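Here are some short exercises to work through with the sequence and the 3D view side by side. Try each task yourself before you read the solution.

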Amino acid sequence: MLDAHTRSGGTATAAPPAAATELLLALPVAPVPSLATANAASAGAVARWARVLLSPWSRFSLLVALLAAAGASVLLFEPQQLLADGWPPRLGGASAAVVFAVAYGLCTVAFVPRPLLNLAAGALFGSQLGLGAALAGTVLGAGLAFGLGRVLGQDALRPLLRGRLLTAADGQLSRHGMLSMLAARLFPGLPFWGVNYCAAISRMGWVPFLLATALGSIPNTAAYVVAGARASAPTSPAFLIALAGIALPMVAAAVLTWRKRHHLRGRKAR
């Protein structure tokens, strides 16, 4: 049947079949991902990786890796020998003492024993300048270790402080940081690096830690530096006094430890 336009003499136009139109409308259209969606997905992946890398145990693993690498480098290259024997001849005076203090601080972070470094300071620079360089290196090394422990290890290790002794030590350092750190530096039996990292895990502040380290390290450091400076004259009064300054605190610490242990055993027996 012709429509009205055809009957009136116009040109006939073929209309598209209704079934074909419905089929086209029913076909699924795949969504095209927008640039904003892609950027959001990338940002989410970056955020997840950042959370993993900055998690407490990831940072603690980094601290362990750094300390292991530092200890291995000390065993392989022996930088303490370089400080004592292979000092660059072009440096002298205050500039050499500054470089020595920086190297001293890095070596203490890498577990080089401080007595060796103190003896080297005295042998290289004498009593006065050597003492200044050794104390500066001591404070620098303690600050570096404290910062590494505070940033990389505190969040991971603080939840593990559940034992009675650990909780008591943490409370002592957190509440009485200055006096506790001063006593720890004066006591010769405690390892320098161990005290640094224990203080970093506690809630002790930076200023009490560094100030107590500087003050408490003077007697022992001075004794070793003077002994290194006067080693060529082992019968001199200064060398003998320095030896007494090294030996007497060690004997006193041993006696105090023995008496404390004996007292604790007596309390347990009761």
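**Exercise 1. Work out the order and kinds of secondary structure elements, from the N terminus on.**

Solution. Step 1: this is a predicted model, so the exercises work with computed values. Step 2: walk along the chain from the N terminus, and the elements read α-α-α-α-α-α-α-α-α-α-α-α-α. Step 3: the tally is 13 helices and zero strands.

**Exercise 2. What share of the residues is buried, and what share of the contacts joins residues at least 24 apart?**

Solution. Step 1: the protein has 270 residues, and buried ones make up 31% of them. Step 2: take the contacts between residues at least 6 apart in sequence; 75% of these join residues at least 24 apart. Step 3: turn to the outside, where the protein exposes about 17,200 Å². Carbon and sulfur atoms supply 71% of that area.

**Exercise 3. Find the largest nonpolar core and say which elements give two or more residues to it.**

Solution. Step 1: recall that in soluble globular proteins, nonpolar side chains tend to be buried together. Step 2: the largest nonpolar core here has 16 residues. The members that touch the most other members are Phe100, Tyr104, Val112, Leu117, Ala121, Phe125 and Ala134. Step 3: two or more residues come from each of α4 (56–77), α6 and α7. Helix α7 gives the most, with six residues. Step 4: another core, of twelve residues, lies apart from this one, and Phe146, Met181, Ala184 and Ala199 are among its members.

**Exercise 4. Locate the nonpolar surface patch that includes Val98, and decide which element gives the largest share.**

Solution. Step 1: colour Val98, Val102, Leu106, Leu140 and Leu144, which together make a nonpolar surface patch of about 400 Å². Step 2: the elements giving two or more residues to the patch are α6 (93–109) and α7 (114–157). Step 3: α6 has the largest share, with three residues. Step 4: look at one member, valine 98, which sits in helix α6. Its relative accessible area is 52%, and the cut-off for exposed is over 50%, so valine 98 counts as exposed.

**Exercise 5. Is threonine 138 buried or exposed, and which residues does it contact beyond its neighbours within four places in sequence?**

Solution. Step 1: place threonine 138 in helix α7. Step 2: with a relative accessible area of 1%, threonine 138 is buried, because buried means under 20%. Step 3: leaving aside neighbours within four places in sequence, its contacts are Tyr104, Arg114, Phe192, Thr213 and Ser217.

**Exercise 6. Where around the axis of α11 do its buried residues lie, and which helices do they pack against?**

Solution. Step 1: helix α11 covers residues 206–216, and its buried residues are Phe209, Ala212, Thr213 and Gly216. Step 2: these residues span an arc of only 105 degrees around the axis, so they lie on the same side of α11. Step 3: their packing partners are α7, α9 (177–186), α10 (192–201) and α12 (218–229).

**Exercise 7. Examine threonine 221: how far is its C-alpha atom from that of glycine 122, and which residues does it touch?**

Solution. Step 1: threonine 221 belongs to helix α12. Step 2: its relative accessible area is 0%, so threonine 221 is buried. Step 3: threonine 221 and glycine 122 are 99 residues apart along the chain, yet their C-alpha atoms are separated by 9.8 Å. Step 4: not counting residues up to four places away in sequence, threonine 221 touches Arg114, Asn118, Leu131, Ala134 and Leu135.

**Exercise 8. What sign does the phi of phenylalanine 111 have, and how far apart are the C-alpha atoms of phenylalanine 111 and alanine 72?**

Solution. Step 1: find phenylalanine 111 in the loop between α6 and α7. Step 2: its phi is positive, about 70 degrees, although this residue is not a glycine. Step 3: a relative accessible area of 30% makes phenylalanine 111 partly exposed. Step 4: alanine 72, in helix α4, is also partly exposed at 35% relative accessibility. Step 5: alanine 72 and phenylalanine 111 are 39 residues apart along the chain, and 9.9 Å separates their C-alpha atoms.

How values were computed. Residues are numbered from 1 along each chain as its sequence is written. This is a predicted model: local features need pLDDT of at least 70, side-chain atom pairs count only at pLDDT 80 or more; totals for chains, interfaces and linings use all residues. Side-chain values use heavy atoms; hydrogens and water are left out. Patches are made of residues with over 30% relative accessible area and no salt bridge: like charges are joined within 9 Å, nonpolar side chains (Val, Leu, Ile, Met, Phe, Trp, Tyr) within 5 Å. Accessible areas come from the Shrake-Rupley method with a 1.4 Å probe; for residues, only the protein chains shown count as cover. A salt bridge is a side-chain nitrogen of Lys or Arg within 4 Å of a carboxyl oxygen of Asp or Glu. Helices (H or I, at least four residues) and strands (E, at least two) are DSSP runs, numbered from the N terminus. Buried means under 20% relative accessible area, exposed over 50%, partly exposed in between (1.4 Å probe, protein chains only). A nonpolar core is a set of buried Ala, Val, Leu, Ile, Met, Phe, Trp, Tyr and Cys residues joined through side-chain atoms within 4.5 Å. Contact means heavy atoms within 4.5 Å. The arc is that of the directions from the helix axis to the C-beta atoms.
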